[in-house]
Amino acid sequence: MTAAKNHPDAETLAAQALGRIDRETGAVVPAIHSATTFARGEDYALIGEHIYSRNSAPTVAHAEEIIAMLDGGVGAKLFGSGMAAFTALTETLAPGVHVVAPEVMYYTAQDWLRRLKAQGRIDLDFYDQSNPETLKECVKPGETALVWVETPANPTWDVMDIALAAEVAHRAGAILGVDSTCAPAPTTQPLSLGADIVMHSATKYLNGHSDLTAGALVSAKDDARWADIHTIRNLTGGVLGGFEAWLLIRGMRTLFVRFARQSETALTIARHFEGHAKVAGVLYPGLESHPGHAVAKRQMTGGFGGMLSILVDGDFDAALRVATRTNVFVPATSLGGVESLIEHRRSIESPESTVPANLLRISVGLESAGDLIADLEQALGL
Ligand SMILES: Cc1ncc(COP(=O)(O)O)c(C=O)c1O
């Protein structure tokens, strides 16, 4: 007989949405609270914990508790998008501080940092995530306030050693923030590796069904910065609504099983096309050939994820043609949903984009690996 466990696994808690059975009705699915305001009793004290939905609300708070549990943080805050979460974090920075971010990262978040720099609000340097030494060279002890990591990073899937980045950041007196959108909790928990703040575009894997836009911040500490993030969300109003929070709760109940399957299928696809006659290269952290494989093996304990890129053996037009000829893959941006997506990344990024012209970004969904491979074969072969 095995001893009873004191604490259920995160997978169990996520599947049961923290096990909140409605006491009045017995419903096993949480109700949606759409109220924007919350009543007071005869003594004028609040009946519940909430005042007004821009500040906090029950369904949003439930989703936040699940995310905080998944990432092992003191709390989570949900926003109307991943970008709203990211900009709330940068809003906590004192004017003129130094920020260090990766050369390769989600381009809109990078655009935001460039904008802050152009406005003189921050000093900014970029490092090469594939060469951690460049991070050490970039940080300015006493001046750097935020070191940013995105791992694996869009769209080359560079892998950064989070524990190493935390050490470098902390030695310089900075905090470490990690965009873990493509490596959610089933595979990586940045806070346990020393990060101070985790950011997710919950639009992606956390929700997983391409039917809502949301973002989350999770904090390691209940400190002044965390209180400030709550204040900023309340002041700027970028909070998530109750319906979206409910959809997100539903999505997160299947996060572990979706992520495991997407990782497995992505690895099968990556292995199939590595060395393929029509393919110049495959970028996937799960391949031994990927420069970040050794760190990924250590850091991505629950699979290498569903994101990979294929470098077509051809030019801009050849790659773009492939993206228009798939039948199973949907040609669309975004990632982490149940349907597989293909995207010619260079076509949609800003003119300064350094993404290879022959790169196709693939988000693997839940279709059969056989159908996905056959679809790419026919699109490459045409
Ligand atoms: C890695 C990453 N971070 C952040 C974001 C921004 O999230 P959202 O679109 O929810 O604002 C995205 C969106 O594609 C992303 O891929």
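**Loops, strands and a ligand shell in a predicted model**

Tryptophan 157 is buried, since 26 other C-beta atoms lie within 10 Å of its own, and 20 or more is what it takes to count as buried. The model here is a predicted one, and this residue makes a handy way in. Tryptophan 157 sits in the loop between S4 and H6, and its backbone is a bit unusual: phi is near 65 degrees, a positive value in a residue other than glycine. As a rule, most residues other than glycine have a negative phi, and most peptide bonds are trans.

That loop has further backbone quirks to offer. The peptide bond running from threonine 151 to proline 152 is cis, with omega near -15 degrees, and proline 152 belongs to the loop between S4 and H6. Asparagine 154 and proline 155 are also joined by a cis peptide bond, again with omega near -15 degrees. Proline 155, too, is placed in the loop between S4 and H6.

A positive phi also turns up at tyrosine 44, where the angle is near 70 degrees in a residue other than glycine. Tyrosine 44 lies in the loop between H1 and H2. Its surroundings are sparse by count: 6 other C-beta atoms are found within 10 Å, so tyrosine 44 is exposed, the limit for that label being 12 or fewer. Tryptophan 157, by contrast, is buried.

Going back along the chain from the loop with the two prolines leads to strand S4, residues 144-150. Here 7 of the 7 residues are buried, so the strand is largely enclosed by the rest of the structure. S4 has pairings with S2 and S5 to describe. With strand S2 (residues 98-102), S4 runs parallel, joined by 3 bridges, and valine 100 faces valine 147 of S4 across this pairing. With strand S5 (residues 175-179), the pairing is parallel as well, this time over 5 bridges. Valine 147 also stands opposite leucine 176 in S5. To get from S4 to S5 the chain passes through helix H6 (residues 162-171), and this β-α-β crossover is right-handed.

Strand S7 tells a similar story about burial. Of its residues, 5 of the 5 are buried, so S7 is largely enclosed by the rest of the structure. Both of its faces are covered: Gly215, Leu217 and Ser219 are buried on one side, and Ala216 and Val218 on the other. S7 pairs with S1 in the antiparallel sense over 5 bridges, and phenylalanine 79 has glycine 215 of S7 as its bridge partner. S6 and S7 are likewise antiparallel and joined by 5 bridges, with methionine 199 opposite leucine 217 in S7.

S1, S6 and S7 come up again with helix H2. This helix covers residues 58-71, and 10 of its 14 residues are buried, so H2 is largely enclosed by the rest of the structure. The buried set consists of Pro58, Thr59, Val60, His62, Ala63, Glu64, Ile66, Ile67, Leu70 and Asp71. These residues pack against helix H1 (10-15), strand S1 (75-79), strand S6 (197-201), strand S7 (215-219) and helix H8 (242-252). The length of H2 checks out too: at 1.5 Å a residue, its 14 residues should span 20 Å, and the end C-alpha atoms are 20 Å apart, which agrees. Just after H2 comes glycine 72, with a positive phi near 65 degrees.

Elsewhere in the chain, 5 strands make up an open sheet with mixed pairing, in the order S8-S9-S12-S11-S10. Strand S8 (279-283) and strand S10 (330-331) are at its edges; each has a single partner strand, so one side of each is left without a neighbour in the sheet. Within this sheet, strand S11 (residues 341-344) and strand S12 (residues 359-363) are antiparallel, with 4 bridges between them. Histidine 344 faces leucine 360 of S12.

Last comes the ligand. It has 15 residues around it, of which Ser81, Gly82, Met83, Tyr106 and Ser201 come nearest. Sorted by class, this shell holds 4 nonpolar, 9 polar and 2 charged residues.

Definitions and conventions
Residues are numbered from 1 along each chain as its sequence is written. This is a predicted model: local features need pLDDT of at least 70, side-chain atom pairs count only at pLDDT 80 or more; totals for chains, interfaces and linings use all residues. A residue is near a molecule or strand if its C-beta atom, placed from the backbone, lies within 6 Å of it. Ala, Val, Leu, Ile, Met, Phe, Trp, Tyr, Cys and Pro count as nonpolar, Asp, Glu, Lys and Arg as charged, and the others, Gly among them, as polar. Two strands pair if DSSP finds at least two bridges between them. A crossover is right-handed if, with the strands pointing away from the viewer, the path from the first strand over the helix to the second runs clockwise. The expected span of a helix is 1.5 Å times one less than its number of residues. Two residues are in contact if their C-beta atoms, placed from the backbone, lie within 7 Å.
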